[in-house]
Amino acid sequence: MTTNAILLLFIALIIAGGLSFFQYYYKAKTKSNMNLVLAFLRFLSIFGLLLLLINPIISRSTFEIVKTPLPIVVDNSSSITDLKAKEIVLDAYKKLSENKKLQEKFEVQSYRFDNDFQQSEKFDFKGTQTNIDGVVKNLKSIYKNVAFPTVLITDGNQTSGNDYEYSFDVNSKVYPIVVGDTTTFLDLKIMQLNANKYAFHKNKFPVEVFLQYSGSKSVKANFSISQGNLVLSKQNVSFSPSKKSAIINVLLPASKVGLQVFKAAISSNEKEKNTYNNTKNFAVEVIDQKQMWH
């Protein structure tokens, strides 16, 4: 309620009280209890009328402290047990989830993931898959339009899902706690593939592929794009500790009308621990220009 409204209410009280007193006490020839009742009723009627004219608005402001969410996400896959890191994971989780300073600043919430993602404070490390990319998608769905930090406790070995390196929001920091064997293994992968959704029959359409390498020695790799058993494009790519990425641009023929499915693949003579990210399928709809004009 504003200061002006309070002042008007005070004036209304004086006016209502003054008129009631003047009419039933000051001018009254006799004083009785009935005069008191009539004066009170007249006061209420006058004050009520003035109150309607003033129409004061009563508002109330409340403040609520909303803490930033801090999801602690634990890898629940069996590889944690295989790497003899179970006790390390449980100890790290306990220290973080029970930390008083973190609880004062953040809304600490616990999750576990393997092939599924769920809120949990208990872990059995019996999951058969590790899908870190699924963690990213689920957290974004839970905390929509909110920037939040994430603590990720894992061995880092993803066995399913898309590459997660660039999946996390740039505005949301990730604090990984990597357990088990942290040795860097040799790995070739197709990071991203760009191709048009449509192409015209008997024309050529461009395909852009981003390749990445992790390792400590020089490697010669073979990159190819095929359709069924037919290899449409093939070339050699070299990587080294100082050259860990490459961009391949290819023009492919649109020789058949309809939806055409292709496969991009990269390989080498070196043994890789994870070959899931060595291939990527994509499709292009080839349109007959003659049919468009009929």
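Start with the whole molecule as a surface: the accessible area of the protein comes to about 19500 Å², and 55% of that belongs to carbon and sulfur atoms. Areas here come from the Shrake-Rupley method with a 1.4 Å probe, and for residues only the protein chains shown count as cover.

Two things to know before clicking around. This is a predicted model, where local features need pLDDT of at least 70 and side-chain atom pairs count only at pLDDT 80 or more, while totals for chains, interfaces and linings use all residues. Residues are numbered from 1 along each chain as its sequence is written, and side-chain values use heavy atoms, with hydrogens and water left out.

**Colour by confidence**

pLDDT is the predictor's confidence in each residue, from 0 to 100. The mean for the protein is 85, and 89% of its residues reach 70 or more. Among the elements, β9 has the highest mean (96) and α7 the lowest (59). Where pLDDT is low, the predicted coordinates should not be read in detail.

**Switch to cartoon**

You should find 7 helices and 13 strands. These are DSSP runs numbered from the N terminus: helices are H or I with at least four residues, strands are E with at least two. Of the 294 residues, 36% count as buried; buried means under 20% relative accessible area, exposed over 50%, and partly exposed in between (1.4 Å probe, protein chains only). Contact means heavy atoms within 4.5 Å, and among contacts between residues at least 6 apart in sequence, 70% join residues at least 24 apart.

**Stop 1: the sheet with β1**

Show the open, mixed sheet of 5 strands, ordered β3-β2-β1-β4-β5. Strands pair if DSSP finds at least two bridges between them. At the edges sit β3 (117-119) and β5 (174-178), each pairing on one side only. Neighbouring strands are turned by 25° against each other on average, direction ignored; the axes are lines fitted to C-alpha atoms (for helices over the stretch in contact), with angles from 0 to 180 degrees between N-to-C directions.

Now pick β4 (residues 150-154), which runs parallel to β5 and is joined to it by 5 bridges. Ile153 has Ile177 of β5 as its bridge partner.

Next, select Val74 in strand β1 (residues 68-75). Val74 counts as buried because its relative accessibility is 0%. Leaving aside neighbours within four places in sequence, Val74 contacts Val89, Tyr93, Tyr111, Arg112, Phe113, Phe123, Phe125 and Ile153. Try a distance label too: Val74 and Leu90 are 16 residues apart in sequence and 9.0 Å apart from C-alpha to C-alpha.

From that list, follow Phe125 into the loop between β3 and α6 (132-142). Phe125 is buried, with a relative accessible area of 3%, and has a positive phi of about 55° without being a glycine. Most residues other than glycine have a negative phi. Asn145 also has a positive phi of about 55°, and its place is the loop between α6 and β4. Buried or exposed: which is Asn145? Asn145 counts as exposed, because its relative accessibility is 86%.

**Stop 2: the largest core**

A nonpolar core is a set of buried Ala, Val, Leu, Ile, Met, Phe, Trp, Tyr and Cys residues joined through side-chain atoms within 4.5 Å. The largest has 27 residues, and those with the most contacts inside it are Leu211, Phe223, Ile225, Phe239 and Phe282. β8 (204-214) is one of the strands supplying at least two residues, and β8 gives the most, with 5. Apart from this core lies another, of 14 residues, including Val74 and Ile153.

Pair up β8 and β11 next: they are antiparallel over 9 bridges, with Leu211 opposite Ala246 in β11. Side chains alternate along β11: Ala246, Ile248, Val250 and Leu252 point to one face and are buried, while Ser245, Ile247, Asn249, Leu251 and Pro253 point to the other and are not.

**Stop 3: the sheet with β9**

Here 5 strands make an open sheet with mixed pairing, in the order β7-β13-β12-β9-β10. The edge strands, β7 (198-200) and β10, each pair on one side only. β9 and β12 are antiparallel over 6 bridges, and Asn222 stands opposite Ser267 in β12.

Finish at Asp288, in the loop between β13 (279-287) and α7 (289-293). Asp288 is buried because its relative accessibility is 18%. Beyond neighbours within four places in sequence, Asp288 is in contact with His201 and Val257.
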